[in-house]
Amino acid sequence: MKQVLQIAGSAVLVVILIAGYFAMSQANQAKLELTSRMQSRSQVLADSLAESIEPSYNTRATSTVQRIIDRFVSSERLAGISVFNSSGVLVAGSLDMPITKDGKLVATAMDSDEAGGEFIRRNDGTYYVHVIPLHEDERVVGALAVAQNATYIDENIRLIWKDNIIRLLFLLLIFSAAIFVLVRWVFSQAISKMVESLKAVRKGDSEVDTAPSSSFFEPLAGEISKVTTSLRQARRVASEEARMRLEKLDSPWTAERLKEFIKAHLKDRPIFILSNGEPYVNTKVRGEVKWTTPAGGVITAMEPVMEACGGMWIAHGSGAADRETAGADGKLSVPPEEPKYTLKRVWVSPKDAKGYYNGFSNEALWPLCHMAHVRPQFRKEDWLAYRKVNGLFAKTLLEEIRHVEHPIVLVQDYHLALVPALIKKSRPDAQVAMFWHIPWPSATQFNICPWRKEILEGMLGADLMGFHTQQNCNNFMDTVASEVESRIDYEHFSIFREAHRTFVKPFPISIAYPGNAEPSETPDRNILVKLKIRGNLILGVDRLDYIKGIPERFKGFEFLLDGHAEYRGTTTLLQIGSPTRESVGMFREYAQRVVAESERINEKFGTKDWKPIILERRSYSHAELRNLYQLADVCLVTSLHDGMNLVAKEFAAARRDESGVLVISQFAGASRDLKGALVVNPYSAEETSAALHTALSMPKTEQHRRMKTMRASVREYNIYRWSAELIKALSQLE
Ligand code: GDG
C-alpha cells in the first residue's frame, strides 16, 4: 500500500507541475494581450481627445475644455480624464480621476514629450492611466491623462486560473484513480500472486500455479515457471536419493534424509516439541518489532529438526513483543522468512515466571545438576510456581493434541520435568520422550533436593528418557533406584513403575552439519582489524554461565603468558560472552567476575598496542560466530561441567580448511565424541596452559589429522541422526 501511494504521489506531483506550468503561461499570455489592447485603446482615445481640446486649451477656454471632457467621459465609458497645465496643476477633468498623487507620470510625459502609461491599483479596482503631452506650436504646454478601468484584466486572469485548477483537480482525480487501480489491482496483485506461488513452491507445494493474472507479466512468469520446474525436479531427486540412502548407514544424515525417515517411520504422525525457551523471540527496538534467536544449545539443536520435519513447538512466550506477532491463540508460523512449522507461545505471568524459571529451574535444578560448586537454592514458592507452569505446558499440549491419535511428543530439558507424567496421565496413547540437555548428577548429589521424588516421578511418565552420555543414564538409574519404588532393569536399561516402562538411553546431541548455512571458503578478517587482534587467536564462545569455567580459562591463559613470554604481544584470547539469565542474581555476579578477571590480566600483561583478553559481552549472530571459528587458531572450551557443549562441535564443523585445534574440558560431554581434541582439566591452570602451548605450536599436519577425525565424527553423528535415533527408539516402543 505504501508503495502504491508513493507511485501515485509522484505521478500526481508531475501532473501538478506540468499543469501549473501550462496554466501560468496561459495566464501570462492573456494578461499580455489584454494589457496591450488596453494600452493601444488608451492611446487612440487620448490622441483623439487631445485633438479636440488643444485649440480650446491653448486659448485658455477652460470651461469648453471641461465640457468636451464631460461629453467624452460618458460617451467612451472612461473612468476619468484630466488636463494639467505645464506646472502640473489640474485645470480641467472628471471627478475622482485615478492618478498618482505625486503626478510623476504627468511630469515625465511633459518633460520627455512622450506619451506614457501605468496601472494604478485602488481599493475600488485597477485602472490604466495614459498621459500624453499637449502642444502649442510644437511646445509642450500641458498634459492630458485618460484613465480606463482595468479591473476586468485581473478578473480574466483569475477566471483562467480557476478554470485551470478545476480542470487539474478533475485530471488528478482520474489520474490517481487510474494509477491506483493499475498498481494495486494489476501490478501488485500479479506480483503478490507470483510471490505467493513461488513461496509455496519453495516450501514444497508441488502443484501451485505461477501464472500471473496479467499478460504483462507473462514473459517473467514463463522464466519463473522454468525455474520452479527445475526446483521441483531437484527436490524429487534429492528426496529419492534420501530414500535410497535411508538404509545405507555410511552416508551422512541430512535434513532431507531425516524428512524421509520420519515419513517412513511415523507415517504422518505429527511431532510436538515442548521447551521453555522459544526459537524466535520478538522485541521492540525504537517502535520496530525485531526477531532474535536466543543463544543456547537446546535451540541450536532442535531448530533444524523442526525445520526438517514441521509440526508444533510449544514454548514460553518471553519476548516483550511476542504477543504482537502471535495470533490470539499464541500461534505463529516460523521461521519468519520461510515458515516451516508452528510456534505456539505459552503465556506465563511474571510472578510465575520468576518462581518457575529464575527460581526453581535456574537457582535450584541448574546448580543441582552441574558439579560447579554452586549451592542450589530450594524455595517452596519457586517449587509451587514450577509445578504450576509445568501444568500449564501440559494443558496447552493436551489441548493441541485433542484430535491427534498417537502423537509424538518430545519434551525438552530440566524446566519441564513434570510434564511427561501429566501428559501420559490424560493421554496414554501419546508417545513421549524427554531429553535432558544438562548432566544428571550422582544419586547422592541429586537427593539433596527436597522434591526429588516428584521430579523423578514426573520424568518417569516418559516412555523414553534421553541423556547425552551413558554416565548420565547410569546416574539417573541409580537415583531412581534410591528414591522411587520401581523395578530397575539394567539389562535393557529401563525402569518399571506402576505398569509403565521408561527406557533410559544416551543420545549424544550434535549440530546441523552439513547444514544449510555452510561457512564461506575464505573467512572475513575485518573483525580482527576491528578488534585490533594480531597474531594467534584463541577463541572462547559461551553464554556467561558459571558452568562454562570462563575465569578458569583466563587463569590458564595467564599461566601461559607467565611461563611463555613469546606469547606476550603475539596471542589474544577473544571471549564471546553472550548475556544469559541476567534476571538471576548469581548469573549477574558471575558476569561481573568474568569482567574483573579479564581486566586484572589485561592490566598485568597489556601494552599500548596489545590487549591479551578481549571480552565481547554481547550476542553474536551464527554467521559471525562461524566466521570467528574459521579465523581461530585454537578454540578453548573449559566448562566445569557441561552436558555436551555444541560450541566444540560447531568449531570443528566450520573448519573446512581442516586446521585449528580444539582444547576441551574433560567435564564437557563433547570431549568423549571429539577424539581429535586436546582434553584438559579446567581446574588446573597448568594443564590448560600446557594444552594451549601444544595447540599453538602444533604442526599443520597434526592439526589436519586431528581436525579430520573431529569433523568426520560430527558429520557422521549430526543433529539429523540424533533426532532420527531418538524418534526411531521412541516409535519402536510398544
Ligand atoms: C545446553 C547444555 C548442551 C553462544 N553464544 C552465542 C550463541 N551461542 C550458541 C552457540 C551454541 C549454543 O549457543 C551453546 O550451546 P552449548 O551446547 O555450548 O551450551 P548451552 O547453551 O549451555 O546448552 C549443553 C546443549 O544444551 C544442547 O543439548 O550441549 O551442555 O548446557 O550453539 O553457538 N548463539 C548466538 N549468539 C551468541 O552470542 N546466536
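Select helix H14, residues 470-483, in this predicted model. Its 14 residues should span 20 Å at 1.5 Å a residue. The C-alpha atoms at its ends lie 20 Å apart, so the helix agrees with that expectation.

Stay on H14 and show side chains. Which residues of H14 are buried? They are Asn472, Cys473, Asn475, Phe476, Met477, Thr479 and Val480. Now add what these buried residues pack against. Two helices are there: H12 (443-446) and H13 (452-459). So are four strands: E14 (464-467), E15 (487-489), E16 (494-497) and E17 (500-506).

Next, pick Phe476 and widen the view. Phe476, Trp436 and Met459 have the most contacts inside the largest nonpolar core, a set of 90 residues. Colour domain 3 (271-506) and domain 4 (526-716) separately. Both give residues to this core, so it lies between them. In soluble globular proteins, nonpolar side chains tend to be buried together.

Centre on Met459. Setting aside neighbours within four places in sequence, what is methionine 459 in contact with? Select Ala417, Pro420, Met434, Trp436, Trp440, Met465, Phe467 and Phe476.

Then move to the second core. This one is separate and has 77 residues. Val334, Val541, Ala648 and Met710 are among them.

Last stop: serine 349. Look in the loop between strand E11 (341-346) and helix H9 (350-369). Is serine 349 buried or partly exposed? Its relative accessibility is 34%, so serine 349 counts as partly exposed. Now add serine 318, 31 residues away along the chain. The C-alpha atoms of the two serines are separated by 9.9 Å.

Terms used: Residues are numbered from 1 along each chain as its sequence is written. This is a predicted model: local features need pLDDT of at least 70, side-chain atom pairs count only at pLDDT 80 or more; totals for chains, interfaces and linings use all residues. Side-chain values use heavy atoms; hydrogens and water are left out. A nonpolar core is a set of buried Ala, Val, Leu, Ile, Met, Phe, Trp, Tyr and Cys residues joined through side-chain atoms within 4.5 Å. Buried means under 20% relative accessible area, exposed over 50%, partly exposed in between (1.4 Å probe, protein chains only). Domain bounds come from an automatic or database domain assignment. Contact means heavy atoms within 4.5 Å. The expected span of a helix is 1.5 Å times one less than its number of residues.
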